[in-house]
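Colleague: I should like to learn how to read the interfaces in a structure that is new to me. Could you guide me through the main features in turn?

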Amino acid sequence: MSILVNSQTRVLVQGITGEFGGRHARLSLAYGTQIVAGVTPGKGGQTFDGQVPIFDTVAEAVRETGATASAVFVPPAFAADAILEGVDAGLDLVVCITEGIPVNDMVKVKAALAGRKTRLIGPNCPGIVTPGEGPDSHGGCRIGIAPGYIHRKGHIGVVSRSGTLTYEAVWQLTCRGVGQSTCVGIGGDPVNGSSHLDIIQLFNDDPDTHGIIMIGEIGGAAEEEAAAWIRRHCKKPVAGFIAGATAPPGRRMGHAGAIVSGGKGTAAAKIEAFKAAGIAVAPTPSEMADTLLRLM
Amino acid sequence: MNLHEYQAKELLAARGVNVPPGGVCDSPAAARAIAEDLLAHGANLIAVKSQIHAGGRGKGTFNTGYQGGVKLFKTAAEVEAAAAAMLGNVLVTKQTGPEGRRVRKLIIAAAPNIQKELYVAVLLDRSLARPVLMASTEGGMDIEEVAARSPEKIVKVAVDPALGLMPYQARKVAVALGLRGELIGHGAKLLQGVYRTWWECDASLVEINPLCVILTREGKLALQAVDAKIALDDNALFRHPDLHAMRDLGEEAPLEIEASKFNLNYIKLDGNIACLVNGAGLAMATMDIIQHYGGRPANFLDVGGGATREQVAAAFKIILQDPNVQAILVNIFGGIMDCNVIATGIVAAVKETGLKLPLVVRLEGNNVQAGNQTLAQSGLPLVRGDSMADAAQKVVAAVATR
């Protein structure tokens, strides 16, 4: 098992005819992911790479192909609209890769998501990978932009706000012969669809996930919220790392959400919250996997 | 993107928020003219306010020794003299760092008869994913201090983005601020104007500190935004060309402006080990691991997930302009991107810049063997790191032995 997606998940790509969306749709197909449809308004009826049908609307794509999940590769100005189109079409899961969406657009999206069944991952995230059984984890479900081959099928869940730090953690695990159940990049924006806590709860309920690596960074209080829940409810060993201990206050460190403002959201406070919750904190990003494996 | 006080007040005033009468100027003569006009219309005290993107202006010192970046005067001649002393000079405050900021514009405004100072702000509550209106009776103070010392003096109202700030919410806050009688209605209107400024401008922060209860010359109480600060959401600037035009490059570090031209995310720090990394999280973590092993990072630099050869070359040039840099750490996790392309870019950049400083490179990911081979065969005196920890230790050691 896994969380959110598995090798059978039928995925559509919004923005499949764009350079970025197309490149990663191709990589997902090569990984063995069930990319069953693309959506680009005005290009309905065409096919992508001669194998994936393109539709004008998400609703049509869902109706015709039975897709339940979407990857959004739509430019920032139109991404909020694309997310809500997926919600309206009744998708179970929308994964938004787009970086640079205005915060107020995401505030509106969050309000519109209330009471709907769709789960949103991202935006500004690398997406989700549930590794497959084949060589280099081929045959899994890759939604987004993560490199598939660094994964290995197994029992560790990884959740992170940062793309490359996720890859770093995954690669450390794989190099030690330890596989992953599912790896989720929740994104680096201040307002995102799913929090660390949302994903930790899914891992906690997943019988196939035996341990968790949670990677956070400065800004906001999502790591603290997750830590408070873990302290009371989590049945599985958790290792953590927080990036940004050396970041100057008041500056955005690349990610829109990575900022210490008004003394809030510091790495020190988050590390403290992790320790108080019994989460093993990796002293450096080189030791994320080892820190977890010592607990297992 | 941050705005100047005068720009913030323009945006607020356009939405019905009362601000002190006055004007903006960039010459002593213009300062005098505005002051004369204000005095002729009944003002008896004139504020001269330096426009820089930093707080603590009132207690700041100019590089000339002149004291105070915000001052009050009774005559136009004094205003003109103060303007001459401030304009063109560098103001150092507790927030600017020792290098200070050059003052290019001044606000010249009528100073009100202040009865009470309040605090009002609109900002994003990340946990709620909603804007909140935050207010306090403790105006004129650092709000973080108020939050730490007496959190009960701060009221917060979350706003439904579909509804906006409702009048009843605004009245509730006005009453909590101690406003009474017709000031409740005036205050509510003003608060709605502040919220609309936040929403319509795609701001990340609108702060009025202090919002003052003033006594007008007619002997009535009124509300006035005496100081204002606005920060905008960079992601939304594409739909606000008018606001984008308010960007003041003079307030930004030259190297950071240069980096942004190449889509590089660079932030200068005060250490001596430069880093060049792909991905924001990994870039932060690289700074952290340098510090963990006893070094001091000279910068944050994210070349992005799909860095090109040109970007790597530009990144090297920017790093090398920082005179404090004594060694460089390159940390690349090439998931999709080809490590060999990056390695080729590094070799080209090192040759082009004639790099003399120690360089430690850690490559991992796609086609890493070819990348490492390119580095090894380049004939350059660079050191390879096998892991982040190994690379960080090597670069720290390289600086220590210099």
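Modeller: The discussion below takes up the interface between the chains, then the domains of one chain, and then single residues. Please bear in mind that this is a predicted model.

Colleague: How many residues does each chain give to the contact between chain A and chain B?

Modeller: Chain A contributes 56 residues to the contact, and chain B contributes 47 residues.

Colleague: What is the area buried between chain A and chain B, and what part of it do carbon and sulfur atoms give?

Modeller: The general idea comes first. The size of an interface is often given as the accessible area lost when the parts come together. For chain A and chain B, that buried area is about 3800 Å², with 63% given by carbon and sulfur atoms.

Colleague: How many salt bridges are counted between chain A and chain B?

Modeller: There are 3 salt bridges between chain A and chain B. One salt bridge joins the side chains of A:Glu168 and B:Arg362, with a distance of 2.8 Å from N to O. In addition, 15 residue pairs are in polar contact across this interface, both residues being at pLDDT 80 or more.

Colleague: Which elements of chain A supply at least two residues each to the side that touches chain B?

Modeller: They are the helices α1 (19–31), α4 (103–113) and α5 (163–175), together with the strand β13 (238–243). The largest share of that side comes from α4(A), with 7 residues. Sorted by class, the side of chain A that touches chain B holds 30 nonpolar, 15 polar and 11 charged residues.

Colleague: Let us turn to chain A by itself. What domains does the domain assignment give for chain A?

Modeller: The assignment gives domain 1 (10–121) and domain 2 (152–295). Their C-alpha centres lie 26 Å apart. The contact between them takes 9 residues from domain 1 of chain A and 13 residues from domain 2 of chain A.

Colleague: What area do domain 1 and domain 2 of chain A bury between them?

Modeller: The two domains bury about 810 Å² between them, and 57% of this is on carbon and sulfur atoms. On the side of domain 1, A:Lys110, A:Arg119 and A:Ile121 lose the most area to domain 2, together 54% of what that side buries.

Colleague: How many salt bridges and how many residue pairs in polar contact are counted between these two domains of chain A?

Modeller: The count of salt bridges between domain 1 and domain 2 of chain A is 0, while 4 residue pairs are in polar contact, both residues being at pLDDT 80 or more. On the side of domain 1 that touches domain 2, α4 and β7 (119–121) of chain A each supply at least two residues. The largest share of that side, 4 residues, comes from α4(A). Its residues divide into 6 nonpolar, no polar and 3 charged.

Colleague: Finally, how should one read a single residue? Is A:Asn204 buried or exposed?

Modeller: A:Asn204 counts as buried because its relative accessible area is 5%, and the cut-off for buried is under 20%. A:Asn204 is placed in helix α6 (residues 196–205) of chain A. Leaving aside neighbours within four places in sequence, A:Asn204 is in contact with A:Trp229, A:His233, A:Cys234, A:Lys235 and A:Lys236.

Colleague: And is A:Arg294 buried or exposed?

Modeller: A:Arg294 is exposed, because its relative accessible area is 60%, and the cut-off for exposed is over 50%. A:Arg294 is found in the segment after α9 (288–293) of chain A. The C-alpha atoms of A:Arg294 and A:Leu29 are separated by 36 Å, the two residues being 265 residues apart along the chain.

Notes:
Residues numbered from 1 in each chain as written. Chains lettered and ligands numbered in written order. Predicted model: local features only at pLDDT ≥ 70, side-chain atom pairs only at ≥ 80, totals over all residues. Heavy atoms only, no water. Contact = heavy atoms within 4.5 Å. Buried area = accessible area lost by both parts, 1.4 Å probe. Salt bridge = Lys/Arg side-chain N within 4 Å of Asp/Glu carboxyl O. Polar contact = N/O pair within 3.5 Å; in protein donor to acceptor, adjacent residues only side chain to side chain. Nonpolar A, V, L, I, M, F, W, Y, C, P; charged D, E, K, R; others polar. Domains from an automatic or database assignment. Buried < 20%, exposed > 50% of the residue type's maximum accessible area, 1.4 Å probe, protein only.
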